[in-house]
Every structure is written in C-alpha cells, then in structure tokens.
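Colleague: Please take a close look at the sheet in this protein and at what packs around it. I am new to this, so define the terms as you go.

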Amino acid sequence: MHVMPEKIIIADDHPLFRQALLIALKEQFKTTQWFEAETVESISDCLLANADADLLLLDLNIPGAHGFDHLIRIRKQNPDVPVVVISAYSDETIIAKAMQHGASGFVPKSESVPVIISAISSVLAGKLWVPGTFEKPKQDVSATADVAIAKLTAQEYRILMMFSEGLLNKQIGDKLCVAEATVKAHASAIFRKLNVRNRTQAAMMLGQLDVPEYSDSLKE
C-alpha cells in the first residue's frame, strides 16, 4: 500500500518527460496535489509557496543549476522536504555524490514506471532508495566544497554564480540593483567563507560540484 502524499513537486525542464511522469504518478497517487517547475527560480518559488511539500522530484541538470549546488541549497533551506533525484545519469560516483549532498533517493530515468513508483513510496515511508546495482565507491567523495558553499547567504550565493559566469562587479551590481561597493563587500565575505583569495578560485570551488553535461543524444 502506498503512502499517500498531499503535495509533490516535479522539477524537470523536459516537458514531455515531466508530463509523462506526471500522468503515470497520478494513477498511483490519486489524491496528491502536483506542482511543476522547470528552472531553479521556479523551484525556489514553488518551495516557498509549498514549504509543506511531501517530496521534490529533481532533475540535476535543470536550467540555472550548477551541478549539485542547487540540491545542496534546497537541502539547506528546506530540510524537511525529501528530495529524489531523477536523472539521465546512472554513474555510481554521481549517485554517491547526490546521496552525500542530501538526496533521499536517486532514480535513473531509464528505470520503469513501477520502479520509480516503488522508489518514491520508499522515500515517502522514510527510507533511502538507490538502484539495486549501485555500489558505493571505495573512495569517499570530498565534501569540502559543498560544506563551504552551504555557508553562503542567498545573496552571496547569487553573486558566486555570477562570478562563475564571468560578470564584473559593476555588472553584478546592476543586475542585483546594489552599489558596486556592496558587491565588493559580499565578495570579501565569499572569499573568507570559501577560504579562497579571488573570484577565479571561488568559481573553481563551485565547479567541484559540477555534473557532466548531457550528451547530445540525451538532450534530444
């Protein structure tokens, strides 16, 4: 018997996959309210409006995310909302990193609908779920970058993302509607928290959370 959740958020930028998954899950969870998101911003808005959600189904490669960074931020800001990563990736290192960064489950998109439903039901029942073939890597995945980045405020995190895009302080100030001096002050705080000397090193630390890009065949 399935645990019947009240609210589930599906975050994936591929409309066809999102709709197909939604149709399949509605058959099993008939009384659940469903919410959809397709960008980092819409996920944040959805979680803000539905902080009592029972589950978030998250694609790692959603637009606006930088590897595992958004998973880390979600877990920090919404610790009571379990996250199941549903991804085209099935590499064991990526699965291990996702679980280390706070996911309650990891389901490859290649799995059948019954398996996806089983995984969701397990997580809703308070359990962790990974593919049956998963073997934890012998070497522990470094947690240095995610622990440091999790210390940043929301504004500092936005500025760090803009560093990684190569924006100058004035450009960042214009985007955030703050003075350039304010951006510099935030930059100093970011460098201190990440224990780096400049924006290049800060962006490199963010890069440690990267997930490899989808291949062209996966994007199609």
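Modeller: What follows starts with the whole chain, goes through the sheet strand by strand, and then moves outward.

This is a predicted model, in which local features need pLDDT of at least 70 and side-chain atom pairs count only at pLDDT 80 or more, while totals for chains, interfaces and linings use all residues. Residues are numbered from 1 along each chain as its sequence is written, and side-chain values use heavy atoms, with hydrogens and water left out.

The protein has 11 helices and 5 strands. Helices (H or I, at least four residues) and strands (E, at least two) are DSSP runs, numbered from the N terminus. Of the 220 residues in the protein, 47% are buried. Buried means under 20% relative accessible area, exposed means over 50%, and partly exposed is in between, with a 1.4 Å probe and protein chains only.

The 5 strands form an open sheet with parallel pairing, in the order β2-β1-β3-β4-β5. Two strands pair if DSSP finds at least two bridges between them. Because β2 (33-37) and β5 (105-108) each have a single partner strand, they stand at the edges, and one side of each is left without a neighbour in the sheet. From one strand to the next, the twist averages 20°.

Two of the pairings can be followed in detail. Strand β1 (residues 7-11) runs parallel to strand β3 (residues 55-58), and 4 bridges join them. The bridge partner of I10 in β3 is L57. On to the next pairing: β3 and β4 also run parallel, joined by 3 bridges, and L56 stands opposite V83 in β4.

Strand β4 deserves its own paragraph. In a regular strand the side chains alternate between the two faces of the sheet. Both faces of β4 are covered: V83, V85 and S87 lie on one side, V84 and I86 on the other, and all are buried. Since 5 of the 5 residues of β4 are buried, the strand is largely enclosed by the rest of the structure.

Now for what packs around the sheet. Helix α1 (residues 15-28) packs on the sheet and touches β1, β2, β3 and β4 (83-87); the direction of α1 makes about 170° with that of β2. Contact means heavy atoms within 4.5 Å. Axes are lines fitted to C-alpha atoms, for helices over the stretch in contact, and angles run from 0 to 180 degrees between N-to-C directions.

In soluble globular proteins, nonpolar side chains tend to be buried together. Here the largest nonpolar core has 29 residues, and those with the most contacts inside it are I43, L56, L58, L71 and F106. A nonpolar core is a set of buried Ala, Val, Leu, Ile, Met, Phe, Trp, Tyr and Cys residues joined through side-chain atoms within 4.5 Å. Two or more residues come from each of β1, α2 (40-49), β3, α3 (69-77), β4 and α4 (92-100). The helix α4 gives the most to this core, with 5 residues. As for I43, leaving aside its neighbours within four places in sequence, this residue is in contact with A11, A37, L56, L58, I62, H70 and I74. Apart from this core lies another, of 22 residues, among them A148, I149, M161 and V183.

One of the core's contributors, α3, also meets a helix from further along the chain. The axes of α3 and α7 come within 13 Å and cross at roughly 175°, which means that α3 is roughly antiparallel to α7 (over 145 degrees counts as roughly antiparallel, under 35 as roughly parallel, 65 to 115 as roughly perpendicular and the rest as oblique). In this contact D69, H70 and R73 of α3 meet A154, Y157 and M161 of α7. The C-alpha atoms of A154 and R73 are separated by 8.9 Å, although the two residues are 81 residues apart along the chain. A154 is partly exposed, with a relative accessible area of 36%.

Helix α7 (residues 154-164) has a further partner: its axis and that of helix α10 (residues 199-207) come within 9 Å and cross at roughly 100°, which makes the two roughly perpendicular. The contact is made by L160, M161, F163 and S164 of α7 and by R199, A202, A203 and L206 of α10.
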